[in-house]
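Here's a quick briefing to read with the structure open beside you. Take a moment to turn the model around before going through the points.

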Amino acid sequence: MAKVSTLTWSSFAALFSAQGAYQVGYAWLFGMTLWVTFIGGTIAFKTLPRQQFGTLQHRTFPIYFVISIALSSGLLGLWTYSHPLVLTHYLQPSVADVAQAYALVITLLGQFANHFVIGPLTSKTMFKRHKLEKDEGKAYNEPGVSDEMKALNKVFAQLHGISSLANMTAFLALAFHGLWIGNFGAGIKSIF
C-alpha cells in the first residue's frame with residue numbers, strides 16, 4: 001500500500017530552499033535564453049515586417065537582458081556561497097566549481113554588455129537607418145542607397161553581430177552549466 005504524505009509547514013517551507021530556487025532560476029534563465037535566441041526571434045523575424053520586427057526587439061530585449069542579469073547574478077551568488085573554492089581558486093578555471101562560476105560570469109557579462117552598451121548602440125543605429133530609409137524613399141538594401149546608408153548598414157551589421165555573439169556565448173555557457181548540474185548536481189547550500 002502506498003504511503004500517504006501530508007503537507008506540513010516544514011515540508012512547505014522546504015519547497016522554498018536555496019536548492020529549489022537555484023533550479024527554478026536556472027531553468028527560467030536557460031529556457032528564456034533558448035526561446036529568445038532560437039524560437040521567438042525567428043518567428044517574429046519571419047512574421048513581422050522588418051521595421052516592426054526591429055521595434056519589437058527594441059522593446060523586448062531590454063526586459064530580457066535585465067531578467068537575465070538578475071537571474072545570472074542570483075545564480076552566481078548562490079553558486080559562490082555554496083562552493084567556497086570559487087573564492088579561493090578563482091584564477092584556476094580547471095577547478096570544476098570555478099569553471100561553473102566562470103560560465104555564470106560569462107552569461108552575466110554578455111547580457112550586461114548587451115543591455116548597457118551593445119543593445120542601445122544597435123537600436124540607435126537601427127532607428128537612424130529607419131529614418132534615412134524614409135528620407136531617401138528606399139529600403140536599406142536597395143541599389144543606389146546613399147553612402148550614409150551604406151555606412152549605417154555596416155555599423156548595424158557589426159553591432160548586431162557582436163550582440164548575437166554575446167547572446168550565443170551566454171546560451172552556450174548556460175548549456176555547459178546545465179550539463180554540469182544535470183550530471184553532478186548544483187550542491188547549493190541552505191541560506192537559512
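To talk about a kink, we need to know what a bend is: the bend at a residue is the angle between two axes, one fitted to the seven residues ending there and the other to the seven starting there. With that in hand, keep in mind that you're looking at a predicted model. We'll start with one bent helix, then visit two buried residues, a pair of salt bridges and some database labels.

**Helix α2 and its kink**

- Helix α2 runs over residues 18–47, and a kink of about 50 degrees sits in it, centred on V36.
- How far apart should the ends of α2 be? At 1.5 Å a residue, its 30 residues should span 44 Å, and the end C-alpha atoms are 40 Å apart, which agrees.
- V36, the centre of the kink, is also one of the buried residues of α2.
- Others on that buried list include A18, Y22, G25, Y26, L29 and T33.
- So what do the buried residues of α2 pack against? Their partners are α3, α5 and α6, the last of these covering residues 147–184.

**T33, tucked away in α2**

- T33 belongs to helix α2 and has a relative accessible area of 0%, so it counts as buried.
- A polar atom of the T33 side chain lies 2.7 Å from the backbone oxygen of L29.
- If you skip neighbours within four places in sequence, T33 is in contact with Y64, F171 and L174.

**H177, tucked away in α6**

- H177 sits in helix α6, and its relative accessible area is 0%, so it is buried too.
- Which residues does H177 touch, not counting those up to four places away in sequence? They are Y22, Y26, W79, Q100, A103 and L104.
- Two of those names should ring a bell: Y22 and Y26 are among the buried residues of α2.

**The salt bridges**

- The model has 2 salt bridges.
- One of them joins the side chains of E133 and R50, with N and O 2.5 Å apart.
- That pair ties together distant parts of the chain, because E133 is in helix α5 (residues 96–136) and R50 is in helix α3 (residues 50–82), 83 residues apart.
- Is E133 buried or exposed? At 5% relative accessibility, E133 is buried, while R50, at 30%, is partly exposed.
- K131 and D135 form a salt bridge as well, and their closest N and O atoms are 2.9 Å apart.
- K131 and D135 are 4 residues apart in helix α5, so about one helical turn separates them.
- K131 counts as exposed at 53% relative accessibility, and D135 is exposed at 53% as well.

**What the UniProt record says**

- An unreviewed UniProt entry lists residues 30–49, 61–81 and 101–121 under "transmembrane region".
- In the model, residues 61–81 are 100% helix and 0% strand, and the end C-alpha atoms of that span lie 30 Å apart.
- Residues 101–121 are likewise 100% helix and 0% strand, with end C-alpha atoms 29 Å apart.
- The unreviewed entry also carries the annotation "domain: TMEM205-like" for residues 25–131.
- Across residues 25–131 the chain is 90% helix and 0% strand, and the end C-alpha atoms are 40 Å apart.

Note on methods. Residues numbered from 1 in each chain as written. Predicted model: local features only at pLDDT ≥ 70, side-chain atom pairs only at ≥ 80, totals over all residues. Heavy atoms only, no water. Helix = DSSP H or I, 4+ residues; strand = E, 2+ residues; numbered from the N terminus. Buried < 20%, exposed > 50% of the residue type's maximum accessible area, 1.4 Å probe, protein only. Polar contact = N/O pair within 3.5 Å; in protein donor to acceptor, adjacent residues only side chain to side chain. Contact = heavy atoms within 4.5 Å. Salt bridge = Lys/Arg side-chain N within 4 Å of Asp/Glu carboxyl O. Expected span 1.5 Å × (residues − 1). UniProt positions renumbered as here; feature names shortened; annotations may be inferred.
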